[in-house]
Amino acid sequence: MASLAPTFGRGAMTNSWTDIKNTDLVVIMGGNAAEAHPCGFKWVTEAKHNRGAKLVVVDPRFTRSASVADLYCPIRQGTDIAYLLGVINYCIQNDKVQWDYVRSFTNAGLLVDERFGYSDGLFTGYDEEKRDYDRTSWDYQMGQDGFALVDDTLQHPRCVWNLLKQHVSIYTPELVERICGSPKDKFLKVCEMIGECSSKSRTMTSMYALGWTQHSKGAQNIRAMAMLQLILGNIGVRGGGMNALRGHSNIQGLTDIGLMSNLMPGYLTIPTERETNLDEYMSTRGFKPLRPGQMSYWQNYKKFFVSFQKAMWGDAATAENSFAYDWLPKLDVPSYDILRAFELMYMGRMNGYFCQGFNALLSFPNRRKITEALSKLKFLVIMDPLQTETARFWENHGEHNDVNASAIQTEVFELPTTCFAEDEGSLTNSGRWLQWHWPGGTPPGEAKTDNWIMAQLHLRLKALYEKEGGPLADPILKLDWRYKDPGHPAADELAKELNGYAVTDLADPADPAKIQIERGKQLPGFAALRDDGSTACGCWIYSGCFTEAGNQMARRDTRDPDDTGAFGGWAWAWPANRRILYNRASSDLEGKPWDESRKLLWWDGSKWTGYDIPDIAPNAQPGQVMPFIMNAEGSARLFALRGLREGPFPAHYEPFESPIANVLAPRIRGNPAARVFKTDVAQFGNPEKFPYAATSYRLTEHFHFWTKHVQINASLQPEFFVEIGEELAHEKGIKAGGWVRVSSARGSIRAKAVVTKRIRKLICDGKPVHIVGIPLHWGFTGEAREGFGPNSLTPFVGDANIETPEYKAFLVDIEPIDGPVA
Amino acid sequence: MNIQVSRRRFLQLAGAGAAATTSIAAFGHGEAEAQVAARVRNFKLARATETRNTCTYCSVACGIIMYSRGDVKKGETAEIFHIEGDAEHPTNRGTLCPKGAALLDYVHSKTRTLYPQVRKPGSDKFERISWGDALDRIARLMKDDRDKNLIERNEAGVTVNRWASTGFLAASATTNETAWATYKVVRSTGIVAFDNQARV
């Protein structure tokens, strides 16, 4: 998500599952939809069957997605950027570019600061000490009029297009083969198939998941494909898009509502301590347009922010106290993400920790470090419908959890919660649909909803502050908590707050004598939000989900006019029930559909109309207002300015643990802008000792660590294993079904070996590279047999922008061992 | 608006002559057989309460229908005895994957958490504790830590209201409404080590 926002303006999947049927080419790279998202993958099958669409799979393993692909191309994990920049280079060299789209709707023509450059694997401004960049030069050239300079002919040597062309020129098919191990002929065939989608009447969709995010440069993997999709003119169109297949049922929602260290709902950001007051905070947000006439929708930032503060603190958030700005925490570091939190815990600087439906012991890298960190806590609170390993991190389970309970002083609470079947509310799927669901079963035992638990904690904490006082009690005492039953807020009450309501009577801006929305009424959408405290709204992008017309998320209209796949009356999609983001880009500059047979939104002479809610002002003049309304330029970004920490363009970097050195810049280990804690550097392994390239993955029979509690799934895949190719098995004398020990610089695990043809040796930089696959579904609770997971082995390092741990590429050694005595 | 599907009604309609367009006919039954099939189905589900939900696992968010004895909406005790794909759902159209198809076993898993438990420092076992005692104790621990470690002002004297010594990891399958309630409670305390599963 951290890569889509700097490119298009919003960090979310652009299209929907049902829209995939409209595509001509599906590229699955960085994911394995057939196994991880089987019922969504069905739409790939539909496209293949009904439209003759083709499927390309690029993956280190011959997955089940690959088994039904028209073309499978192997790749070494962690080299996707080199591969994709190679495809972009191919498209530019072979004129496979949707030129009208690139000229009109991207920043290809904008001129870049003269000081910006790239050499020896680094962009301008690098500070090796800080492992960070001074990003000053990553900017446009600005004119006297306050707008960015542009050359629409794309001739200027400093225009984005020419810088991009030069940047990708080194990624030749030969270099791609050398880095990625992908055979040149297969790579070129992939390029050819992708290149065909530069035609206005052909679209390609990208389906990816954690195979791209779980890298130290995950965001740039995704950006490389996002750029390719722009060059092909595939964003905002039916059957196109960047389709981020989120792992869990409500990851999208949790992120939208900003449950992250540095976020507030709707992708607003928590202030830093340099922003000492609201004016300073606002001075770096609320972007002014960078080109004339653009919507630059973040100009409305203050309306969203103030309405959020009103939803938090109600009457206590006033203009006089800057709407309680001081009550928000102010960050001293970019974020207290999970890696930093566990580093602090490991250092003994974290005392309490809550896991709400989260199995940290199996989810976070370098399990030994996680166990030690949890052991230093004073208290740990688990809320979960299942008995997790994290709740039992102190319990000895032999080699599968080798701890000494008496030495662990952490006080642990396990609180039973309801599961989906017993709970009410909405979940946001990958395609941004908010679907309401209803409870059908009575909770087992004494299980309670999370809403009840959170409310009880709040009320108790509040009572303690009322009784005893204490530092900064007001944000707790004055939290707006006006629910019918304060001890158990109902789902619809909370949903109404997310949507927003009028705090006072709202006057009609066109006729101030008239009241547009009465006090207390639900708002119709985010356009009604104001920055003077007269509206409250928990999450501005969700505004419209629960209006005076009722709960829009509960809609179940199955109609789909002309079978476009939009299903606009089924549930509700953010923002404003738009089903395909940036849909104005489905028509050319004049507003005429690129492809009549796949039209989506067009200009009817006076307004935008079509099968979807326009993702632009309905009367915005074509040719003037550009489709990417969240970006200050109005166009999508091939050059991402300062949006990402490691550069405005993606560049190839190896994983922190790689079987070969970075052939472009051998001195650079991993992503030069990724944060690494000192204690973890010492625990990186090298290929001399750990020669094999390991990766983690899911199996179709399991979902993370949940389904091992489910009898059927535990029977289908009962036992942990590792997967290796026949060549490696032969070399090491490992038998199919035999026992092996797999070790990394951080730990070792024991497993049965599955020897397959699905993994083959690759040749990278002249050297053979063997891949070891490690599925992630086992632990020591539930019905499946006790087993290990990849996190006993993986390194404690994350993506430079959002700190997603590098689970998909690390080094191990593997040896055959004697099996356990039966 | 909030249209709760009635599969019985749907199947009755199917039996009454629309069989050619229903999934039953698609299984190869003729019209007469479809009517019989629909009637048998109808019989089987006659006393079940049907509730619409979505699969708890991945982000495809397949529609499901849960069948229970008893109706929670009427305040009754309800036990879910069958879960199947929602044939009307635009994305999954009744299909479920190997995980979704086994959801019933998730709901009734032997390793569901049932009672609040506490594991005391150094102990090798969990012990039952009442909800009231557990929540009181947790609130106490929170307040003590917050009162001791909340950073109200940084060295420069700027108000920062930062509580960095307790963290909160939110879920990935809870509702948006729970997410919002959680956001309010956690942020009001000043917790900064706040995160969710999006990263992993």
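**Warm-up: two helices that meet across the chains**

Helix 20 of chain A and helix 6 of chain B are roughly perpendicular to each other, because angles of 65 to 115 degrees get that name (under 35 is roughly parallel, over 145 roughly antiparallel, and the rest oblique). This is a predicted model, in which local features need pLDDT of at least 70 and side-chain atom pairs count only at pLDDT 80 or more, while totals for chains, interfaces and linings use all residues. Residues are numbered from 1 along each chain as its sequence is written, and chains are lettered from A and ligands numbered from 1 in the order in which they are written.

**Exercise 1.** Find the angle between helix 20 of chain A and helix 6 of chain B, and the residues that meet there.

*Solution.*
- Start with the helices: helix 20 covers residues 491–499 of chain A, and helix 6 covers residues 176–189 of chain B. Helices (H or I, at least four residues) and strands (E, at least two) are DSSP runs, numbered from the N terminus.
- Next, the geometry: they pack at an angle of about 75°, with their axes 9 Å apart. Axes here are lines fitted to C-alpha atoms, for helices over the stretch in contact, and angles run from 0 to 180 degrees between N-to-C directions.
- Then list who meets whom: Ala491(A), Leu494(A), Ala495(A), Glu497(A) and Leu498(A) face Asn176(B), Glu177(B), Trp180(B) and Ala181(B). Being in contact takes C-beta atoms, placed from the backbone, within 7 Å.
- Sort them by class: six are nonpolar, one is polar and two are charged. Nonpolar covers Ala, Val, Leu, Ile, Met, Phe, Trp, Tyr, Cys and Pro, charged covers Asp, Glu, Lys and Arg, and polar covers the others, Gly among them.

**Exercise 2.** Zoom out and describe how chain A touches chain B.

*Solution.*
- Count both sides: 142 residues of chain A are in contact with 104 residues of chain B.
- Look for the top contributor on the chain A side: helix 18 (residues 450–468) gives the most, with ten residues.
- Check the classes on that side of chain A: 72 nonpolar, 49 polar and 21 charged residues.
- Now the strands: strand 12 (residues 352–356) of chain A pairs with strand 7 (residues 159–169) of chain B in the parallel sense, over four bridges. Strands pair if DSSP finds at least two bridges between them.
- Pick out one spot in this pairing: Gly352(A) sits opposite Thr166(B).

**Exercise 3.** Sketch the five-stranded open sheet of chain A and what lies across it.

*Solution.*
- Write down the strand order, 3-2-1-8-9, with parallel pairing.
- Mark the edges: strand 3 (71–73) and strand 9 (242–244) each have a single partner strand, so one side of each has no neighbour in the sheet.
- Add the twist, which averages 20° from one strand to the next.
- Zoom in on one pair: strand 2 (residues 54–58) and strand 3 of chain A share three bridges, and Val56(A) has Leu71(A) as its bridge partner.
- Lay on the helices: helix 9 (residues 184–195) of chain A crosses strand 1 (25–29), strand 2, strand 3 and strand 8 (204–208), at about 130° to strand 3. Helix 11 (residues 218–231) of chain A lies across strand 8 and strand 9, at about 170° to strand 8.

**Exercise 4.** Asp95(A) and Phe567(A) both have a positive phi: which is buried and which is exposed?

*Solution.*
- Get the cut-offs: buried means 20 or more other C-beta atoms within 10 Å of a residue's own, exposed means 12 or fewer, and partly exposed is in between, with C-beta atoms placed from the backbone.
- Take Asp95(A): its phi is about 55° although it is not a glycine, and it lies in the loop between helix 5 (80–93) and helix 6 (99–105) of chain A. Asp95(A) has 9 other C-beta atoms within 10 Å, so it is exposed.
- Take Phe567(A): its phi is near 50°, and its loop runs between strand 22 (550–551) and strand 23 of chain A. Phe567(A) has 24 C-beta neighbours inside 10 Å, so it counts as buried.

**Exercise 5.** Find the cis peptide bond at Pro575(A).

*Solution.*
- The bond runs from Trp574(A) to Pro575(A), with omega near -10°.
- Pro575(A) belongs to the loop between strand 23 (572–573) and strand 24 (601–603) of chain A.

Conventions
Contact = placed C-beta atoms within 7 Å.
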